[in-house]
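This report covers the sheet, the surface, the cysteines and the salt bridges of one model. The sequence and structure are shown first.

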Amino acid sequence: KKLFFIKFHASDFANYLTNKKKNNLYIKKNYIVFLDIKPPAFPGDDVSFNDKIIYNASKWYKDLNNFLKKVEKKFNSKVIIVPHPSVRHLKNIYYDKKFNVSKDPDASNKLISKSKFVIANGATTAVSYCVIHDKPIAFIYNNQVIKKNPTMFFETKNLSRYLSSKSININDKFDKKNFCLKINKRKYLKYKYNFLTSKNIQNIQNSEILKKLISNDR
């Protein structure tokens, strides 16, 4: 009888609220954000389950670098790589040196908010910042993922459909039409209120919610 639930923000939305005023000072620029994953340069989560997936790392990043270069050319914009948070302090030797790589702990939130659009390597939770900042996102995969990691392939396709976005195989030819540069507002709001926050608390920080909870002012 004493059980009750408290509406609370997901960590990404809480971080956005905390840094909202500070990030508003940044100027919108002509760049594209690329959200990367850990493997194959670094061990992925599959290792934790004793089910390590072996990729050809050299080919993986050769294909990725070529893809990102083509994206820059087609959109006349620079790509900024944002590595996975857990390996952001490490150096990925496979990235082409011409790309800017952001090591900022809050890079996803800061850079996505002022970007042209976002490209994500698979179904990342950092898509939250695309939803928060109303930024279009395209999801990518490659032939190695299709062959060796059907779970990742399924998750990528599924999240892409959920947001009415596009998914692209970087081993295939592509053009601008393969990218969806407009968001589906209805789908974004559905994601926002299903996974990130609630309508009646979206302007209240988690610290304020906790303060009221502690003082029993529910």
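In what order do the six strands form the open sheet, and is the pairing parallel or antiparallel? The order is β3-β2-β1-β4-β5-β6, and the pairing is parallel. This is a predicted model, in which local features need pLDDT of at least 70 and side-chain atom pairs count only at pLDDT 80 or more, while totals for chains, interfaces and linings use all residues. Residues are numbered from 1 along each chain as its sequence is written, and side-chain values use heavy atoms, with hydrogens and water left out.

**The sheet**

Strands (E, at least two residues) and helices (H or I, at least four) are DSSP runs numbered from the N terminus. Two strands count as paired if DSSP finds at least two bridges between them. Strands of a sheet pair through backbone hydrogen bonds, either parallel or antiparallel. At the edges of this sheet are β3 (100-101) and β6 (166-169), each of which pairs on one side only.

Strand β1 spans residues 31-35. Five bridges join β1 in the parallel sense to β2 (residues 78-82), and L35 stands opposite V82 of β2. With β4 (residues 117-121), β1 pairs in the parallel sense over four bridges, and here V33 stands opposite V118.

Buried means under 20% relative accessible area, exposed means over 50%, and partly exposed is in between (1.4 Å probe, protein chains only). Because five of the five residues of β1 are buried, the strand is largely enclosed by the rest of the structure. In a regular strand the side chains alternate between the two faces of the sheet. Both faces of β1 are covered, with Y31, V33 and L35 buried on one side and I32 and F34 buried on the other.

Further along the sheet, β5 (residues 137-141) and β6 run parallel and are joined by four bridges. F139 stands opposite S167 in β6. Both residues are also touched by S160, whose contacts (heavy atoms within 4.5 Å) are F139, S165, K166 and S167, not counting residues up to four places away in sequence. S160 lies in helix α7 (residues 150-162) and is buried at 3% relative accessibility.

After β6, N184 sits in the loop that leads to α8 (185-196). N184 is partly exposed, with a relative accessible area of 23%. Leaving aside neighbours within four places in sequence, N184 is in contact with L163 and S164. N184 and G122 are 62 residues apart in sequence and 19 Å apart in space, C-alpha to C-alpha.

**Surface patch and cysteines**

F4, I6, F8, L210 and I214 form a nonpolar patch on the surface, with about 480 Å² of accessible area together. Patches are made of residues with over 30% relative accessible area and no salt bridge, with like charges joined within 9 Å and nonpolar side chains (Val, Leu, Ile, Met, Phe, Trp, Tyr) within 5 Å. The areas come from the Shrake-Rupley method with a 1.4 Å probe, and for residues only the protein chains shown count as cover. F4 is in the segment before α1 (11-18) and is partly exposed at 39% relative accessibility.

The structure holds zero disulfides (a pair of cysteine sulfur atoms within 2.5 Å). For C130, the nearest cysteine sulfur is that of C180, 12 Å away, too far for a bond. C130 is buried at 0% relative accessible area, whereas C180 is partly exposed at 22%.

**Salt bridges**

A salt bridge is a side-chain nitrogen of Lys or Arg within 4 Å of a carboxyl oxygen of Asp or Glu. Side chains of opposite charge can pair when their charged atoms come close. The whole structure has five salt bridges, including these:

| Lys | Acid | N to O distance |
|---|---|---|
| K59 | D63 | 3.1 Å |
| K98 | E72 | 2.6 Å |
| K110 | D104 | 2.9 Å |

K98 lies in the loop between β2 and β3 and E72 in helix α3, so the pair ties together parts that are 26 residues apart in sequence. K98 is partly exposed at 39% relative accessibility, while E72 is buried at 10%.

K59 and D63 both lie in helix α3 (residues 57-75), four residues apart, about one turn of the helix. K59 is partly exposed at 42% relative accessibility, and D63 is buried at 13%.

In the third row, K110 is buried at 16% relative accessibility and D104 is partly exposed at 27%.
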